[in-house]
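Let's take a friendly walk around one helix and the residues packed about it. Have the model open as you read.

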Amino acid sequence: MMQKRWRALPTNHEQYELGKRIFSKFFHREYCNGIESKELRETWIEPLAFALRDPRWLCLKTDHISHYIFHREYILLDQQEKKPEHSQNFYFDLGASTFNSGSGGPSQLWFYTSYKQKNIEFDRLLLWEGTVISPPELFSPVPVDWIPGYQYFNILASVNATDPRNPLMIMKKLAKPLDFVAFKLDIDNGPIELSLVDQIMSNSNYSSIIDEFFFEHHVAFGPLLEAWGHTHDPKATLRTSYELFTEFRKKGIRAHGWP
């Protein structure tokens, strides 16, 4: 009798039970004309573990850092089954680079392909980048279906809480709670990033409209100091990161570590 060299795939029930032990969850209630639905919607999200990165980076290493240290496959995005009437989908990106390039891999390309797979098409896209880039380099690679709503600010973003040019102030002006808002923050400047993080955490006008938040929190964690250089907060630890992201998730924001 030939011995099987593989194990049977788990059933849907077994997959669900396994998922319950691994993944975190969000529970949502739908509102229609001010009436709360009795039905709870359950969605999963990656756990706050492994330094907020692909878990494979810890064991599969080449040279000094892991091949998986910048992988984004572990991120579980939300899925839009049906876009609410009179709503818009927004994408805000601070540290946008160009569509097909960027430190750690092009973020715009990742958002474009990943959200398309989740049935989310962006109506408005607002992006900031402090490094001066020529217009042809910025706009030539952008897909034609993004162009109508694509706004690129090739300047340093203001983090002054009262400045109308602050990206969060612009977000509050444009987006409503019914809209879908994805916000990526990765400018490799800890004090500026944490200033915006504090503004989100302390102002419900921001936390109530951000649906998914992507942030690379640079802390004093030895294995990643080589990748982060001198941009980390020496007083913060992985525990600081986990607590911060937990608070984001408690506010209903699907917060993801951004590699």
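In this predicted model, the buried residues of α5 are Gly190, Glu193, Leu196, Val197, Gln199 and Ile200. Their cover includes β5, α4, β8, α6 (204–207), β9 and α8. The helix itself has 13 residues and reaches 18 Å from its first C-alpha to its last, close to the 18 Å expected at 1.5 Å a residue.

Glutamate 193 deserves a closer look. This residue sits in helix α5 (residues 190–202) and is buried, yet has no salt bridge. Which partners does its side chain have? The table sets two distances side by side.

| Partner of glutamate 193 | Distance |
|---|---|
| Lysine 184, nearest side chain of opposite charge | 8.6 Å |
| Isoleucine 187, backbone nitrogen reached by the side chain | 2.8 Å |

Leaving aside neighbours within four places in sequence, glutamate 193 is in contact with Leu185, Asp186, Ile187, Asp188, Phe215 and Glu216.

Now for the nonpolar packing. The largest nonpolar core has 26 residues, and those with the most contacts inside it include Leu185, Ile200 and Phe213. Elements giving two or more residues to this core are β5 (89–94), β6 (124–128), α4 (167–174), β8 (180–185), α5, β9 (212–215) and α8 (238–250). Another core, of 24 residues, lies apart from it, with Tyr115, Leu125, Leu127 and Tyr150 among them.

Phenylalanine 213 ties several of these names together. Beyond its neighbours within four places in sequence, phenylalanine 213 is in contact with residues including Phe183, Leu185, Val197, Ile200 and Phe248. In soluble globular proteins, nonpolar side chains tend to be buried together.

Terms used
Residues numbered from 1 in each chain as written. Predicted model: local features only at pLDDT ≥ 70, side-chain atom pairs only at ≥ 80, totals over all residues. Heavy atoms only, no water. Helix = DSSP H or I, 4+ residues; strand = E, 2+ residues; numbered from the N terminus. Buried < 20%, exposed > 50% of the residue type's maximum accessible area, 1.4 Å probe, protein only. Lys, Arg positive; Asp, Glu negative; His and termini not counted. Salt bridge = Lys/Arg side-chain N within 4 Å of Asp/Glu carboxyl O. Polar contact = N/O pair within 3.5 Å; in protein donor to acceptor, adjacent residues only side chain to side chain. Contact = heavy atoms within 4.5 Å. Core = buried A, V, L, I, M, F, W, Y, C linked by side-chain atoms within 4.5 Å. Expected span 1.5 Å × (residues − 1).
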